[in-house]
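Let's take a walk through this one together, starting from a single residue and working outwards. Have the viewer open and follow along.

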Amino acid sequence: MKTWSLRRTLLAVLLGLTLALWVGSAAIVYVEARRESQELFDQSLIETGHLLLSLVEKDARQHGLTGPIDLPLRGHPNPHQYLLFKVRDAQQRVLYRNDAATDIALSRSAPDGLSWTSIAGQRWRLFSLWDPQRSLQLLVAEPTSHRDDISRGFFYRIAVFGLLLVVLATIAIWWSIHRVFRVLQASADEVSARTPDELADVRLAGAPAELHPLLLEINRLFGRVRQSRDNEQRFTADAAHELRTPLAAIKTNLQVLQRARSADEREEFIAALGASVERATRLVNQLLALARLDPQSHAETALAPGDLAELLSRQAAQWQALAAPYGLSLAVNLAPAPCALDADSLQILLRNLVENALRYTPAPGFVAVSCGVEAGRSYLRVADTGPGVAEELHERVFERFVRLGGGQLPGSGLGLSIVRRIAERHGADIILGAGLQGRGLAVTVMFPAA
C-alpha cells in the first residue's frame, strides 16, 4: 500500500502557500510602486516644461529672439543622460537648447503633452508644450534609465527582504510542524513501549487540543479491551469452576461403575453418569451460546420485521411436552406482537426462560407463556408459580454463574445472562415482577415500538 508523509505534505503546502503569497504580494507592490514612480516622474517633467517655457517667454519679451542660445550643463558627468530640451518658434527655428541637445533631433511632429520617443536606440519620455499664442514650442525629453534604475533598486530591495521573510517563515513552519509531530511521536513511543498487559490510558498532558479526540478514542479503545480481557478472564475462571463439578461427577460415577456388584447398581450408576454428562453438555452449550452473543466477538446481526406470536406458536407444543415430566401445566396465550427481531437468538431466549420456569417451579405448578402489545410496545412474558426472586436480588440473577437456588437444582447459572444479552441486542427491556396466583416470578421482555 502506498504511504504518504503528513509532515512533508504539511511542510510543502505551507511553504508553497507562503511563497505564493509572498511572490504575489511582491509583484503587486512592485507594479504599484513602479506606476506611482512613473506618475511622479511625469509630473516632474510637466512642471519642468512649464517652468522652462515661462522663463523663455520672459526672456524673449525682454531681449528679443536673435538666434539659437545653447545652455551648458556644468558639473553633470554625462549630459546626454540628463534632460534634453529645445525651444522653437512657429517656423520651427531653434531658439533655446541645452548643449546635450545640440546634436540630437527631437521630433517636430510630437503631439502635445506626454509621449514616448526613441533617441539613439534608447527610450525617452517626451513632453511637448506650446505657449498660449502658439508662437513658442517647448520639447523636453528625459531618458527612462533614471526610472529603470529606481525600479531596479526597489525590486532588489523587495527580493532581499522577501527572501529573508521566506527563510524565517520556513524555519517557523518547520519548527511548528516538528513540535506537533514530536508530541505524536511521543504518544506513539509510549504505546509501542507497552507490553500486551499494559492497557492504561495514554497521557493527554502536553498534547495539543486538536489531538485530544484521537487520544481519547484510543483510551476508550483501551478501556474496551481492558473490559473485554477482564470479562474473558472472569468468564474462563468461572467456566472452569463450573465445569469442575460435572466432570468430577462423571469421574466419580465411572469409578463407582467399575466397582458395581450387580446389574441394578450398574444401571443406577449409568443413569447418574448420563445425568452428569447431560449437565456438562448443557453447560458447554450455554457457554458457547454466550460466547456467540458477545458483542465484541462478531458483527451485530441485522433485525428483520416479524411477529412474536408466530415465533412462539412454532414452539408451543415442544414446551408443553417438556412440562409434562416436571408435573407442571403450561399454557400459551398468544396475541399479535409485531417487532424487529432475530428469530434464531429469540428462540434461545425463549428456551432459557421456559426451561428456567420449568426447573424452578415445584409440582404441581403452572407456567404461562404469552405475548402481545402493551402501551404501544410488543412484549413477551413467561410467568410461573415457583418460589420467585426477592426484589433486592433482581439484578444479581442476570450475572454469570449466579444460581440463587444453590446446588440443589440442576443448571449452569447462565440462562438469564444469555436472556439479557439477547434482549440488549434487540434494544428491549427486561422487567421482573410477580408471577401467577400471587407468587412466583414473571419475566417480561418489552421490545421497542414498531
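Start at Ser370, which sits in strand 10. This is a predicted model, so everything here is computed from its coordinates. Is Ser370 buried or exposed? Its relative accessible area is 12%, which is under the 20% cut-off, so Ser370 counts as buried. Leaving aside residues up to four places away in sequence, Ser370 touches Leu312, Asn333, Tyr379, Leu380 and Arg381. The strand around it tells a similar story: seven of the 10 residues of strand 10 are buried, so the rest of the structure largely encloses it.

Now zoom out to the sheet that strand 10 belongs to. It's an open sheet of five strands, in the order 8-10-11-13-12, and the pairing is mixed. At the edges you'll find strand 8 (328–334) and strand 12 (429–434), each of which pairs on one side only. Ignoring direction, neighbouring strands in this sheet are turned by 15° against each other on average. As a reminder, strands of a sheet pair through backbone hydrogen bonds, either parallel or antiparallel.

Let's go across it from the strand 8 side. Strand 8 and strand 10 (residues 365–374) run parallel and share seven bridges. To find the register in your viewer, pick Leu330, whose bridge partner in strand 10 is Val367, or Ser329, which is partnered there by Phe366.

Two helices pack on this part of the sheet. Helix 6 (residues 316–323) touches strand 8 and strand 10, and its direction makes about 165° with that of strand 8. Helix 7 (residues 343–360) is in touch with strand 8, strand 10, strand 11 (377–384) and strand 13 (441–446), and its direction makes about 25° with that of strand 11.

Helix 6 is worth a pause. Which of its residues are buried? They include Ala316, Trp319 and Ala323. Looking down the axis of helix 6, the buried residues fall within an arc of 65°, so they line one face of the helix. Those buried residues pack against helix 5 (308–313), strand 8, helix 7 and strand 10. Turn to the face pointing away from the buried side and you meet Ala317 and Ala321, both exposed.

Back to the sheet, and on to the next pair. Strand 10 and strand 11 run antiparallel and are joined by eight bridges. They form a hairpin with two residues between them, and Ala375 in the turn has a positive phi of about 50°. Glu374 has Arg377 of strand 11 as its bridge partner.

From strand 11 we step over to strand 13, where the pairing is antiparallel over five bridges. Here Val382 has Val443 as its bridge partner in strand 13. What about burial in strand 13? Six of its six residues are buried, so strand 13 is largely enclosed by the rest of the structure. In a regular strand, side chains alternate between the two faces of the sheet. In strand 13 both faces are covered: Leu441, Val443 and Val445 are buried on one side, and Ala442, Thr444 and Met446 are buried on the other.

The last step takes us to the other edge. Strand 12 and strand 13 pair antiparallel over six bridges, with Leu432 standing opposite Val443. These two strands also make a hairpin, this time with six residues between them, and Gln437 in its turn has a positive phi of about 55°.

Finally, look away from the sheet. Helix 1 (residues 6–63) and helix 2 (residues 145–192) pack at an angle of about 160°, with their axes 9 Å apart. Helix 1 and helix 2 are therefore roughly antiparallel, and helix 1 passes helix 2 in a right-handed crossing. Within helix 2 you can pick out Leu184, which counts as partly exposed because its relative accessibility is 29%. Leu184 and Leu211 are 27 residues apart in sequence, with 8.4 Å between their C-alpha atoms.

For the whole chain, the tally is eight helices and 13 strands. Of its 450 residues, 36% count as buried. Among contacts between residues at least 6 apart in sequence, 65% join residues at least 24 apart.

Key:
Residues are numbered from 1 along each chain as its sequence is written. This is a predicted model: local features need pLDDT of at least 70, side-chain atom pairs count only at pLDDT 80 or more; totals for chains, interfaces and linings use all residues. Side-chain values use heavy atoms; hydrogens and water are left out. Two strands pair if DSSP finds at least two bridges between them. Helices (H or I, at least four residues) and strands (E, at least two) are DSSP runs, numbered from the N terminus. Axes are lines fitted to C-alpha atoms, for helices over the stretch in contact, and angles run from 0 to 180 degrees between N-to-C directions. Contact means heavy atoms within 4.5 Å. Buried means under 20% relative accessible area, exposed over 50%, partly exposed in between (1.4 Å probe, protein chains only). The arc is that of the directions from the helix axis to the C-beta atoms. Angles under 35 degrees count as roughly parallel, over 145 as roughly antiparallel, 65 to 115 as roughly perpendicular and the rest as oblique. A crossing is left-handed if the near helix is turned anticlockwise from the far one by less than a right angle, and right-handed if clockwise.
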